[in-house]
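I opened a fresh page for this one and wanted to go through it piece by piece. Here is what I looked up, in the order I looked.

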Amino acid sequence: MEEAKGPVKHVLLAKFKDDVTTEKIDELIKGYANLVNLIEPMKAFHWGKDVSIENLHQGFTHIFESTFDSKEAVAEYVAHPIHVEFANMFLGSLDKVLVIDYKPTSV
């Protein structure tokens, strides 16, 4: 199957450490959402909490999805000093993390 054309989705699944307060989580989410205003290659940002009834989340509680025009734009974002500074702080509050980049494909 040919690689999809179009935007790239950058998905981060997170489980915050047990000692991270709800207020701190809210602050981190606001900081993450604000990156779309500070880092040009980041085109959109969405987030949510797990609401599945299947109980297959493996401890992950939050999902964060960013949209980029290309894989190169994701690489630019990942290396951007503002992202690096934020990621160091954000990741320090996580117990588990999983990151996947993909191009949405219609069959």
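**Notebook: strands, helices, pocket**

I began with a strand pair: β1 (residues 8–16) runs antiparallel to β4, and 8 bridges join the two. I picked out one bridge by name, where Phe-16 has Leu-94 in β4 as its partner. A reminder to myself: this is a predicted model, and every value I note here is computed from it.

Next I looked up the whole sheet. I found an open sheet of 4 strands in the order β2-β3-β1-β4, paired antiparallel. Why do β2 and β4 each have one side without a neighbour in the sheet? I noted that β2 (44–49) and β4 (94–102) are the edge strands with a single partner each, so one side of each stays free of a sheet neighbour. From one strand to the next, I read an average twist of 15 degrees.

**Helices on the sheet**

I then turned to what packs on these strands. Helix α1 (residues 22–38) touches β1, β2 and β3 (62–68), and I noted an angle of about 10 degrees between the directions of α1 and β3. Helix α2 lies across β1, β3 and β4, and its angle to β1 is about 40 degrees.

**Helix against helix**

I checked how α2 (residues 71–79) sits against α3 (residues 81–91). The two pack at about 65 degrees, and their axes are 5 Å apart. Which residues meet there? From α2 I listed Tyr-77, Val-78 and Ala-79, and from α3 Pro-81, His-83 and Val-84. I sorted the residues of this contact into 5 nonpolar, 1 polar and no charged.

**The largest pocket**

My next stop was empty space. The largest pocket holds about 180 Å³. Which element gives the most to its lining? That is α1, with 4 residues, while β1, α1 and β2 each supply at least two. Among the lining residues I wrote down Lys-15, Phe-16, Ile-25, Asp-26, Trp-47 and Lys-49. Phe-16, which I had met as the bridge partner of Leu-94, thus turns up again in the pocket lining. By class, the lining divides into 4 nonpolar, 3 polar and 4 charged residues.

**The record**

Last, I looked at the annotation. An unreviewed UniProt entry gives "domain: Stress-response A/B barrel" for residues 8–102. Over that stretch I noted 39% helix and 33% strand, with the end C-alpha atoms 6 Å apart.

How values were computed. Residues are numbered from 1 along each chain as its sequence is written. This is a predicted model: local features need pLDDT of at least 70, side-chain atom pairs count only at pLDDT 80 or more; totals for chains, interfaces and linings use all residues. Side-chain values use heavy atoms; hydrogens and water are left out. Axes are lines fitted to C-alpha atoms, for helices over the stretch in contact, and angles run from 0 to 180 degrees between N-to-C directions. Contact means heavy atoms within 4.5 Å. Ala, Val, Leu, Ile, Met, Phe, Trp, Tyr, Cys and Pro count as nonpolar, Asp, Glu, Lys and Arg as charged, and the others, Gly among them, as polar. Two strands pair if DSSP finds at least two bridges between them. On a 1 Å grid over the protein atoms alone, a cavity is a set of points where a 1.4 Å probe fits but cannot get out, and a pocket is an open set with protein on both sides within 12 Å along at least five of seven lines; lining residues have an atom within 4 Å of a point. Grid points are joined across faces, edges and corners, and a volume is the space filled by probe spheres set on the points. UniProt positions are given in the numbering used here, feature names are shortened, and annotations may be inferred rather than shown by experiment.
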